[in-house]
Amino acid sequence: MKKLRLAVFISGRGSNMLSILEATKEPDFPAEIVVVVSNKVDAAGIQSAKENGISTEIVEHKHYKRREDFEDAIQERLKKYGIDMIILAGFMRILSESFVTQWPDQILNIHPSLLPEYKGTNTHQRAINDGKTESGCTVHFVTPELDEGPIILQKKVPILKGDTAETLAHRILEQEHIAYPEAIKRIASNL
Ligand code: GRF
């Protein structure tokens, strides 16, 4: 079985990246992480990737005036890895239409809400403020419109009395760690 070659893009902690990495250790998991890319040199996830022997590439957006140049630099770095799919896992830069269209149906994202509700940031606080009784996470294909692409799967999480954005984020993150490997497995198995 040829495994799907993944580039995981992160900006911080990288716990979703690690959950995917854990899943790829299953011998029959249909994908492998070949590189972790970060726009931040001090992203904790970069350290974890290195500790796990995964190649890393740092492309700091702050060194580029134009988004296109930043993205071109990423594309350039990716060339040598023969990537099949890009996995956005807490990557805090919006990718331009030109980047996204170069990877049709090949970029996935995880978002901490039940899309189409609460696109963008601060999702947990907004759900609590609106008096919602449930939230969750969504894995979806990335299209040029932010948090809009076709949904692959969602996991629901109840919002409990007394939940804060932090407690809710924590319980949703546990589901993210299940959802992302499951979605990748589904996509990779259907190719
Ligand atoms: C997750 O909550 C994810 O849904 C959002 O950013 C966070 C990343 O966390 N897009 P981590 O870096 O994977 O720990």
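**Exercise 1.** In this predicted model, find the loop in which Pro-116 lies, and then determine the form of the peptide bond that leads from Leu-115 to Pro-116.

*Solution.* Begin with the elements on either side: Pro-116 is placed in the loop between β5, residues 107-111, and α5, residues 123-129. Next, turn to the backbone, where the peptide bond from Leu-115 to Pro-116 has an omega near 10° and is cis.

**Exercise 2.** Locate Asp-105 and describe its phi angle.

*Solution.* Asp-105 is found in the loop between α4, residues 97-101, and β5. Its phi is near 55°, which is a positive value in a residue other than glycine.

**Exercise 3.** Describe how helix α1 and helix α6 are placed relative to each other, and list the residues that make their contact.

*Solution.* Two packed helices are described by the angle between their axes and the distance between the axes. For α1, residues 15-24, and α6, residues 165-189, the axes come within 9 Å and cross at roughly 50°. Because angles of 35 to 65 degrees fall outside the parallel and perpendicular classes, α1 is oblique to α6. The crossing in which α1 passes α6 is right-handed. On the side of α1, the contact is made by Ser-15, Asn-16, Ser-19, Ile-20 and Ala-23, while α6 contributes Leu-173, Glu-176, His-177, Tyr-180, Pro-181 and Ile-184. Sorted by character, the residues of this contact comprise 6 nonpolar, 4 polar and 1 charged.

**Exercise 4.** Identify the residues around the ligand, and then work out which atoms of Arg-13, Ser-15 and Ile-110 lie close enough for a polar contact, taken as a pair of N or O atoms within 3.5 Å.

*Solution.* The surroundings of the ligand consist of Arg-13, Gly-14, Ser-15, Asn-16, Gly-90, Ile-110, Pro-112 and Glu-176. From the side chain of Arg-13, a polar atom lies 2.5 Å from an oxygen atom of the ligand. In the side chain of Ser-15, an N or O atom is 2.5 Å from an oxygen atom of the ligand. Ile-110 instead uses its backbone, with an N or O atom 3.2 Å from a nitrogen atom of the ligand.

Note on methods: Residues numbered from 1 in each chain as written. Predicted model: local features only at pLDDT ≥ 70, side-chain atom pairs only at ≥ 80, totals over all residues. Heavy atoms only, no water. Axes fitted to C-alpha atoms, helices over the stretch in contact; angles between N-to-C directions. Helix = DSSP H or I, 4+ residues; strand = E, 2+ residues; numbered from the N terminus. Parallel < 35°, antiparallel > 145°, perpendicular 65-115°, else oblique. Left-handed = near helix turned anticlockwise from the far one by under 90°. Contact = heavy atoms within 4.5 Å. Nonpolar A, V, L, I, M, F, W, Y, C, P; charged D, E, K, R; others polar. Near = heavy atom within 4 Å. Polar contact = N/O pair within 3.5 Å; in protein donor to acceptor, adjacent residues only side chain to side chain.
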